[in-house]
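Open your viewer and keep a selection box ready. We will walk through two chains, one stop at a time.

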Amino acid sequence: MKLTNINKYFGNKHVLKNTTLDFPAGQTTVMVGPSGSGKSTILRSLNLLVIPESGQYDFGKHHLDFSHKVSNKTKLAIRRETGMVFQDYNLFPNKTVLQNITEGPIQVLKQPKQAAIRNAQKLLVKVGLANYGDAYPHELSGGQAQRVAIARALAMNPKYILLDEPTSALDPELELSVLKVLSQLAAERQSMVIVTHNMIFAKRVADRIIFVENGEILYDGTPEEFFAVNNPNQRIKNFISSMTMEDL
Amino acid sequence: MWEIIKTSLPQLLAAGFKYTIPLAIISFFFGLVIALVTALIRLSRQQGAFMILKWIAGFYVWLFRSTPLLVQLFIVFFGLPYLRIKGILPHGIKLEPFTAGIITFSLNTGAYASETIRAAISAVPVGQWEAGAAIGMTRWQILRRVILPQALRVALPPLSNSFISLVKDTSLAASITIMEMFAVSQQIAAENYQPLLMYSLVAMVYAAFTTVLSYLQTYLERVVNQHVSVKR
């Protein structure tokens with residue numbers, strides 16, 4: 001996945017400024033930065049929930065130039081090859097856990113129902129919710145709901161999984177249950193792009209860290225360098241220390 | 001008094017089952033179809049020539065909500081026969097009373113219900129659209145499989161209200177010569193000189209019909225709400 005010279009405006013606000021970023025396959029890329037910096041907008045550009053005004057996007061065989069209209073067909077194709085996990089889960093409340101997971105495979109990928117159900121059950125085991133297939137979303141804790149959302153994304157067998165602050169709505173214990181699943185996926189070399197405020201987690205799982213502020217990329221490199229005590233960038237040092245509450 | 005009730009109640013009920021209830025049910029069905037189509041047109045983000053359709057839908061809702069139902073009935077039944085256009089409609093549009101009733105009640109209900117449905121669809125969090133889009137569903141798939149089932153939950157109580165109103169409003173059909181319950185009660189009252197008794201009796205029959213419908217509403221609400229507690 002590669003974004004080249006992306007520009008995005010919300011009204012008069014220039015949220016992404018000539019952004020160029022590469023998201024290598026098989027890696028976990030973690031995007032951090034203050035709220036409103038544009039990191040979620042970058043993430044949503046990757047599955048075209050947000051369409052930038054200009055720039056290019058390369059993903060597998062797709063090559064998009066945002067100065068032209070993106071066709072519906074392209075949008076659907078790219079979304080089939082990516083999975084997304086949202087901050088507030090966005091499970092379908094009118095469907096069971098199992099139906100939430102099989103909805104995409106059956107309706108979009110046209111998989112046979114039985115095969116989709118079998119696969120969904122395997123995924124539920126993977127996220128530690130083997131017995132929850134018949135539960136409805138409102139019966140789940142936040143941590144469980146988010147793990148179902150991860151299973152729903154995985155069920156599409158996506159090339160990349162995009163996670164938009166997946167644990168920001170969770171208390172620390174529930175957060176851990178979700179982070180464990182994500183660590184496991186990272187260890188399996190699932191390609192992921194994660195937006196998070198959790199610095200400890202970022203340090204643990206990231207193959208690469210991107211720091212975004214005001215629509216600009218201030219850092220793009222290894223986590224070791226990013227978290228190094230002698231990081232020459234004072235802004236990043238301040239950000240990390242406030243996120244980890246070092247100065248409290 | 002009991003003698004009068006015993007002889008006239010069967011006539012009222014017969015008129016109820018023959019005209020009042022069919023008028024209400026058929027009109028509500030078509031009204032819902034019109035309402036859904038109208039709501040979807042008005043919610044659509046399509047541009048260009050589609051804007052004309054949006055304007056027509058908006059005009060339709062405005063027209064039927066801002067004029068009295070009784071006047072609408074009169075225009076469709078008594079007025080349209082005079083809509084004569086040389087070469088195309090030399091004899092105007094002459095409708096059977098029942099047909100005129102169905103058309104007017106459907107359009108009237110459709111205008112109100114379209115606002116209910118529009119609000120209910122808008123009330124489903126945008127995250128539900130995004131979640132559907134993120135797994136590659138088309139807009140139509142998301143609407144049908146994710147949004148409408150959730151919107152139904154929001155729309156059911158106000159739609160039930162519309163239906164109950166419609167059942168009572170069918171009494172206006174008496175004015176376009178449909179022999180529904182109210183018309184029959186008028187006729188009997190004219191014969192036996194018991195207007196208080198006859199109109200009270202027909203009022204009780206309407207009340208009985210709408211009470212049954214209210215129970216049905218409670219039941220339906222329980223069915224659509226069973227898997228949803230708090231909105232996430």
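Helices and strands here are DSSP runs, numbered from the N terminus, with at least four residues for a helix and at least two for a strand. Please keep in mind that this is a predicted model.

**Stop 1: chain B as a whole**

Select chain B and colour by secondary structure. You will find eight helices and zero strands. Its C-alpha atoms fill a box of roughly 70 × 55 × 25 Å along the principal axes. Of the 232 residues in chain B, 42% are buried. The chain exposes about 12600 Å², and carbon and sulfur atoms supply 69% of that area. If you draw a contact map of chain B, look at the pairs at least 6 apart in sequence: 72% of these contacts join residues at least 24 apart.

**Stop 2: annotated segments of chain B**

Next, select residues 17-217 of chain B, which an unreviewed UniProt entry annotates as "domain: ABC transmembrane type-1". This span is 78% helix and 0% strand, and its end C-alpha atoms lie 20 Å apart.

The UniProt record, again unreviewed, also places the feature "transmembrane region" at residues 20-41, 69-85 and 196-216 of chain B. Try residues 20-41 of chain B: the stretch is 100% helix and 0% strand, with 31 Å between the end C-alpha atoms. Then move to residues 69-85 of chain B, where the helix content is 65%, the strand content is 0% and the end C-alpha atoms are 26 Å apart.

**Stop 3: a nonpolar patch**

Show the surface of chain B and select Ile52(B), Leu53(B), Trp55(B), Ile56(B), Phe59(B), Trp62(B) and Leu63(B). Together they form a nonpolar surface patch with about 740 Å² of accessible area. Zoom in on Trp62(B), which belongs to helix 2 (residues 50-65) of chain B. Is Trp62(B) buried or exposed? Its relative accessible area is 51%, and the cut-off for exposed is over 50%, so Trp62(B) counts as exposed.

**Stop 4: where the chains meet**

Now show both chains and select Arg44(A) and Glu130(B). Their side chains meet in a salt bridge, with N to O at 2.7 Å. The pair crosses between chains, from helix 1 (residues 39-46) of chain A to helix 5 (residues 126-134) of chain B. Side chains of opposite charge can pair when their charged atoms come close. Arg44(A) is buried at 17% relative accessibility, and Glu130(B) is buried at 18%.

**Stop 5: strand 9 of chain A**

Hide chain B and select residues 1-239 of chain A, where an unreviewed UniProt entry places "domain: ABC transporter". This span is 38% helix and 25% strand, and its end C-alpha atoms are 27 Å apart.

Within it, select strand 9 (residues 208-213) of chain A. How many of its six residues are buried? The count is six of six. In a regular strand the side chains alternate between the two faces of the sheet. Here Arg208(A), Ile210(A) and Val212(A) are on one side and Ile209(A), Phe211(A) and Glu213(A) on the other, and both faces are covered.

Add the neighbours. Strand 3 (residues 28-32) of chain A pairs with strand 9 of chain A in the parallel sense over four bridges; within this pairing, Val32(A) has Phe211(A) as its bridge partner. Strand 10 (residues 216-221) of chain A runs antiparallel to strand 9 of chain A and is joined to it by five bridges. Glu213(A) stands opposite Glu216(A) in strand 10 of chain A. Strands 9 and 10 of chain A form a hairpin with two residues between them, and Asn214(A) in the turn has a positive phi of about 50 degrees.

**Stop 6: salt bridges within chain A**

Over all chains, the count comes to 13 salt bridges. Select Glu188(A) and Lys126(A), whose side chains meet in one of them at 2.8 Å, N to O. This pair links distant parts of the chain, 62 residues apart: Glu188(A) is in the loop between helix 6 and strand 8 of chain A, and Lys126(A) is in helix 4 of chain A. Glu188(A) is partly exposed at 42%, as is Lys126(A) at 30%.

Finally, select Arg189(A) and Asp207(A), which form a salt bridge with their closest N and O atoms 3.3 Å apart. Arg189(A) lies in the loop between helix 6 and strand 8 of chain A and Asp207(A) in the loop between helix 7 and strand 9 of chain A, so the pair ties together parts 18 residues apart in sequence.

Methods. Residues numbered from 1 in each chain as written. Chains lettered and ligands numbered in written order. Predicted model: local features only at pLDDT ≥ 70, side-chain atom pairs only at ≥ 80, totals over all residues. Heavy atoms only, no water. Patch = residues over 30% accessible without salt bridge, like charges linked within 9 Å, V, L, I, M, F, W, Y side chains within 5 Å. Areas by Shrake-Rupley, 256 points an atom, 1.4 Å probe, with all protein chains shown as cover. Salt bridge = Lys/Arg side-chain N within 4 Å of Asp/Glu carboxyl O. Buried < 20%, exposed > 50% of the residue type's maximum accessible area, 1.4 Å probe, protein only. Pairing = 2+ DSSP bridges. UniProt positions renumbered as here; feature names shortened; annotations may be inferred. Contact = heavy atoms within 4.5 Å.
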